[in-house]
Amino acid sequence: MSLKGDGKSNRTTGRGRDHRSERHIRYQNVLASLLREHGFVDVKIEAPMPYTLQLPNGRTLKIRYRVDCYGRKGNRRIAVEIDGYMGHKGVRGYAMDGLRSRRIQEAHGPIDIYRFTFRQLGGAGKWTSEEIAQEMSLIGPITAGGEKRI
């Protein structure tokens, strides 16, 4: 089985090997489908979101970063990140997420960035598609009876 997701992208280390798990790829595809269902276009998995850092010595460092899923609808742009244990072992991993999100917004302008854990997307505490859509403000609040308020 190929681990290249939708065939449009491939996160590698420069050696041509994709290091995403099958579960990660499956969740990326679920999120991309959800965005498409809600009218988002230009939906991409592993969308490039490069940014630059100014180093203390005056040099500029270009960071080649990719978000797990990206889409736009009119003027609204959404980037979604899937947070697993491997990339977030400890306080530093989570702190880097916030910094990375700010750098992306500085470099690319207004963009809504959402983060979901593996557990939210498919573990014991799995959220429904409606709950994920509501979290990203794709739909209105869900009432106690399960109705969507738009």
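Two strands are taken to pair if DSSP finds at least two bridges between them. With that criterion in hand, the tour of this predicted model can begin at a hairpin.

**Stop 1: the hairpin**

Select residues 51-54, which form strand 2, together with residues 60-63, which form strand 3. The two strands run antiparallel to each other and are joined over four bridges. To see one of these pairings, display tyrosine 51, whose bridge partner in strand 3 is isoleucine 63. Strands 2 and 3 make up a hairpin, with five residues between them. In the turn, pick glycine 58, which has a positive phi of about 95°.

**Stop 2: the whole chain**

Zoom out and colour by secondary structure. The protein contains four helices and six strands, and from the N terminus on their order is α-β-β-β-β-β-α-β-α-α. Of the 150 residues, 35% are buried. Among contacts with a separation of 6 or more, 49% are between residues 24 or more positions apart. If a surface is displayed, the exposed area is about 9500 Å², of which carbon and sulfur atoms supply 49%.

**Stop 3: helix 1**

Select residues 22-37, the range of helix 1. The end C-alpha atoms of this helix are 23 Å apart, which agrees with the 22 Å that its 16 residues should span at 1.5 Å a residue. Next, show the side chains of its buried residues: His24, Ile25, Tyr27, Gln28, Leu31, Ala32, Leu34 and Leu35. These pack against strand 1, strand 4 (66-73), strand 5, strand 6, helix 3 and helix 4. Just after the helix, glycine 39 adopts a positive phi of about 85°.

**Stop 4: the nonpolar cores**

Which residues touch the most other members of the largest nonpolar core? Select Leu31, Leu35, Ile78, Phe116, Met136 and Leu138, which hold that position within a core of 21 residues. Two or more core residues come from each of helix 1, strand 1 (41-48), strand 5 (76-83), strand 6 (112-117), helix 3 (118-122) and helix 4 (129-135). Helix 1 gives the largest share, five residues. A second core, of 10 residues, lies apart from this one and includes Tyr65, Ala79, Ile111 and Ile113.

Return to the largest core and centre the view on leucine 138. Beyond its neighbours within four places in sequence, leucine 138 is in contact with Leu34, Leu35, His38, Phe40, Arg76, Ile78 and Ala133.

**Stop 5: two residues of strand 1**

Most residues other than glycine have a negative phi. Strand 1 offers two residues to inspect on this point. Pick aspartate 42, which is found in strand 1 and has a positive phi, near 55°. Then pick glutamate 46, also located in strand 1, where phi is again positive, near 60°.

Is glutamate 46 buried or exposed? With a relative accessible area of 1%, glutamate 46 is buried, because the cut-off for that class is under 20%. Aspartate 42, by contrast, counts as partly exposed at 32% relative accessibility. Keep glutamate 46 on display and add glutamine 28: a polar contact of 2.6 Å joins their side chains. Glutamine 28 is itself one of the buried residues of helix 1.

**Stop 6: two arginines**

Move to arginine 115, placed in strand 6. At 26% relative accessibility, arginine 115 is partly exposed. Which residues does arginine 115 touch, not counting those up to four places away in sequence? The set to select is Tyr65, Glu81, Asp83, Asp97, Ser101 and Gln120. Two of these partners also take part in side-chain polar contacts with arginine 115: aspartate 83 at 3.1 Å and serine 101 at 3.3 Å. A C-alpha distance to draw here is that from arginine 115 to alanine 79, which comes to 8.6 Å for residues 36 apart along the chain.

Finish with arginine 100, in helix 2 (residues 91-108). This residue is buried, with a relative accessible area of 18%. Leaving out residues up to four places away in sequence, arginine 100 touches Tyr51 and Tyr65. Tyr65 also appears in the contact list of arginine 115, while tyrosine 51 leads back to the hairpin, where its bridge partner is isoleucine 63.

Conventions: Residues numbered from 1 in each chain as written. Predicted model: local features only at pLDDT ≥ 70, side-chain atom pairs only at ≥ 80, totals over all residues. Heavy atoms only, no water. Core = buried A, V, L, I, M, F, W, Y, C linked by side-chain atoms within 4.5 Å. Buried < 20%, exposed > 50% of the residue type's maximum accessible area, 1.4 Å probe, protein only. Contact = heavy atoms within 4.5 Å. Polar contact = N/O pair within 3.5 Å; in protein donor to acceptor, adjacent residues only side chain to side chain. Expected span 1.5 Å × (residues − 1). Areas by Shrake-Rupley, 256 points an atom, 1.4 Å probe, with all protein chains shown as cover.
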